[in-house]
Amino acid sequence: MRITPYVAYAKKNFLGRSAYRVDHFLGILSTCLQFFIFYEIYRALYGDAETIDGITMSMVTTNFIISMGLGMVFRPNDFFLPGKIWDGSISTELLRPISFKGRMIAENVGDSAFNLIFKFIPVFLIAFFTTGIHSPAGIFNVALFIISAVLGYGVLWSISFAVQMTAFWLINIWSIVTIKNVFINVLSGSMIPLWFMPEWIGGVLKYTPFSSIYFTPVQIYLGQLGTAEIVYKCFIQIVWIVMIYLIGDFLWNKGQKKLIVQGG
Amino acid sequence: MNDTLHLMTVYSKTTARAWFQYRVDAVLRSLAVFARESTGIIVIYFTLLKFNSLNGWNIYELLFLYSLIFLTYGIMIIFFTGLRDFGNMVREGSFDRFVLRPRGILFQIIFVNSDWFAAIGHGGLGITLFLISAGKVGVHWNIYNALYYLFAVIGGVLIQGAVFLFIATLNIYLIETGSIKELLYWNVRKFAGYPISIFNKGVQFLMIYIMPYAFVNYFPAQFLLRKEDMSQYPEIYLYLTPIVGVGMYLLAYAFWLYSLKYYKSSGN
């Protein structure tokens with residue numbers, strides 16, 4: 001398998017993103033606003049309390065900065081495949097001598113690299129200077145945080161991948177994608193830190209991939225996990241990536257046989 | 001007049017037919033809008049399970065506060081879908097057709113399209129939240145309160161409608177306004193689900209005087225609930241919602257009429 005065409009796709013997307021400046025600044029503004037809303041809410045909730053259940057306000061702030069920041073970086077294009085099915089271009093895409101799935105990943109990696117540099121860093125700096133952020137537990141934690149964040153991205157991407165595959169049968173998957181995003185927003189910890197979830201939800205969450213996306217990296221960053229736990233949690237992340245990817249891949253193989261292109 | 005009524009019915013029928021042509025998809029879409037809009041509610045619910053109250057507001061009071069946004073938006077969007085999508089109409093040049101027809105332009109825009117999924121999703125959520133919370137927030141529902149509520153809802157619909165009309169009008173001057181709408185409308189709305197008293201002074205100013213969302217839900221809810229944090233605002237604000245609504249709408253409408261004279265088609 002040659003890697004060059006995929007690098008080219010990634011690069012194309014990276015450069016293509018720089019064309020929409022207004023959109024770009026609004027994205028940053030919108031995430032900052034969202035962050036400040038949650039920041040103010042938790043300040044009101046904490047009041048004079050130093051810690052609640054052993055969690056300090058600064059840990060809450062850090063949870064929001066990291067998970068919202070990573071959320072800006074991880075933006076799988078949920079309509080990549082559906083778009084190609086709608087306009088019929090999937091039929092030519094499949095004839096190309098490169099892997100379609102490889103291209104999906106490559107384009108998204110290009111987007112994410114752009115977001116990392118031009119969205120995550122500004123948002124991180126703004127938050128750092130206005131509200132402050134908990135310092136990482138150590139250099140070792142920072143390295144593991146990066147690995148775990150990349151794995152979290154893998155989990156999020158594979159969920160999107162599997163959901164997109166339903167487009168072979170449903171044509172219009174806007175509703176399913178929207179509902180999927182509701183689950184991710186509520187259960188990943190980016191809108192309510194998972195420390196504060198009711199216990200029964202915590203129990204259910206163990207059997208879902210949602211806490212692997214942002215919350216595992218956050219916990220590693222804050223030094224809440226011992227070495228054994230870090231290894232275990234990263235292993236869980238990998239298990240989720242493989243499992244969800246395999247489901248998606250199964251649908252992908254089935255779907256191609258079923259593919260009906262409307263017009264062309 | 002009779003003729004206009006007839007036209008309204010025909011328009012409404014065709015719109016409903018177009019939107020509900022694919023039934024399964026229609027149900028799924030309404031459900032998805034409902035779920036997407038519930039996100040904020042679910043987050044508040046879980047948070048309040050842990051913390052009991054937010055600046056003195058308990059969970060039912062917060063849901064009551066939130067319900068007004070969805071209810072007014074749900075009603076507003078039945079009428080103003082055309083204004084929400086006005087930018088597209090101008091860009092594609094399909095707005096020209098409206099200009100040529102022998103009916104009021106705003107009348108046509110209002111009745112030619114209604115996003116029923118959004119209406120059912122938002123409105124349904126608003127009604128659900130109201131039903132859950134209204135009995136538990138200690139409001140004694142008499143005719144006086146009910147009338148106040150009715151006027152507050154009408155005022156809230158007009159305020160949001162005025163904002164849509166204002167942004168739509170900008171399309172006559174600027175071809176692309178998606179980002180202005182995102183900035184002015186959707187971003188500010190993110191604050192509106194919470195009692196504005198928890199935010200800093202700048203945000204409060206924005207929500208009372210610039211994008212007066214506070215009059216859509218915060219002040220009407222305060223009239224009925226009388227929470228402590230009302231003491232930092234003038235008492236009179238409790239009664240202003242309908243006036244703000246009518247005033248803003250008239251202003252936006254005047255701006256619209258004035259701007260139409262400058263409309264230049266983008267068509268080719």
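A residue counts as buried if 20 or more other C-beta atoms lie within 10 Å of its own, as exposed if 12 or fewer do, and as partly exposed in between. The exercises below concern a predicted model.

**Exercise 1. Decide whether B:Asn55 and B:Arg226 are buried, partly exposed or exposed, and describe the backbone and the place of each residue.**

Solution. Start with the counts of neighbours. B:Asn55 has 16 C-beta neighbours inside 10 Å, and because this number lies between the two cut-offs, the residue counts as partly exposed. B:Arg226 has 12 C-beta neighbours inside 10 Å, so it counts as exposed.

Next, consider the backbone. The phi angle of B:Asn55 is near 50 degrees, a positive value in a residue other than glycine, and for B:Arg226 phi is likewise a positive value near 50 degrees, again in a residue other than glycine.

Finally, find each residue along the chain. B:Asn55 belongs to the loop that runs between helix H2 (23–51) and H3 of chain B, while B:Arg226 is found in the loop between helix H11 (218–225) and helix H12 (241–260) of chain B.

**Exercise 2. Work out what secondary structure each chain has, and why the radius of gyration of each chain agrees with that of a compact globule.**

Solution. Take chain B at the outset: it has twelve helices and zero strands. In chain A there are twelve helices and two strands, and, read along the sequence, the pattern of chain A is α-α-β-β-α-α-α-α-α-α-α-α-α-α.

Now turn to the radius of gyration. A compact globule of 268 residues would have a value near 18 Å, and because chain B has 19 Å, it agrees with this expectation. For the 264 residues of chain A the expected value is also near 18 Å, and the 20 Å of this chain agrees as well.

To complete the picture, the C-alpha atoms of chain B fill a box of roughly 60 × 40 × 35 Å along the principal axes, and those of chain A fill a box of roughly 65 × 40 × 35 Å. Of the residues of chain B, 40% count as buried, and in chain A the share is 39%.

**Exercise 3. Describe how H3(B) and H8(B) cross, and which classes of residue make their contact.**

Solution. Begin with the geometry: the axes of H3(B) and of helix H8 (residues 143–173) of chain B come within 8 Å and cross at roughly 35 degrees, and the crossing is right-handed. Then look at the residues that make the contact, which include B:Leu68, B:Leu71 and B:Phe79 of H3(B) together with B:Val153, B:Phe164 and B:Leu165 of H8(B). Sorted by class, the residues of this contact divide into 13 nonpolar, four polar and one charged.

**Exercise 4. Find which residues have the most contacts inside the largest nonpolar core, and how many residues of each chain meet between A and B.**

Solution. The largest nonpolar core has 132 residues, and those with the most contacts inside it are A:Ile41, B:Ile159 and B:Ala162. Its largest share, 15 residues, comes from helix H3 (residues 59–84) of chain B. Follow A:Ile41 further: apart from its neighbours within four places in sequence, A:Ile41 is in contact with B:Leu54, B:Tyr194 and B:Ile198.

Between the chains, 24 residues of chain A are in contact with 26 residues of chain B. On the side of chain A that touches chain B, H2(A) gives the most, with eleven residues, and by class this side has 16 nonpolar, six polar and two charged residues.

Technical notes
Residues numbered from 1 in each chain as written. Chains lettered and ligands numbered in written order. Predicted model: local features only at pLDDT ≥ 70, side-chain atom pairs only at ≥ 80, totals over all residues. Core = buried A, V, L, I, M, F, W, Y, C linked by C-beta atoms within 7 Å. Helix = DSSP H or I, 4+ residues; strand = E, 2+ residues; numbered from the N terminus. Contact = placed C-beta atoms within 7 Å. Axes fitted to C-alpha atoms, helices over the stretch in contact; angles between N-to-C directions. Left-handed = near helix turned anticlockwise from the far one by under 90°. Nonpolar A, V, L, I, M, F, W, Y, C, P; charged D, E, K, R; others polar. Rg over C-alpha atoms; globule rule 2.2 N^0.38 Å.
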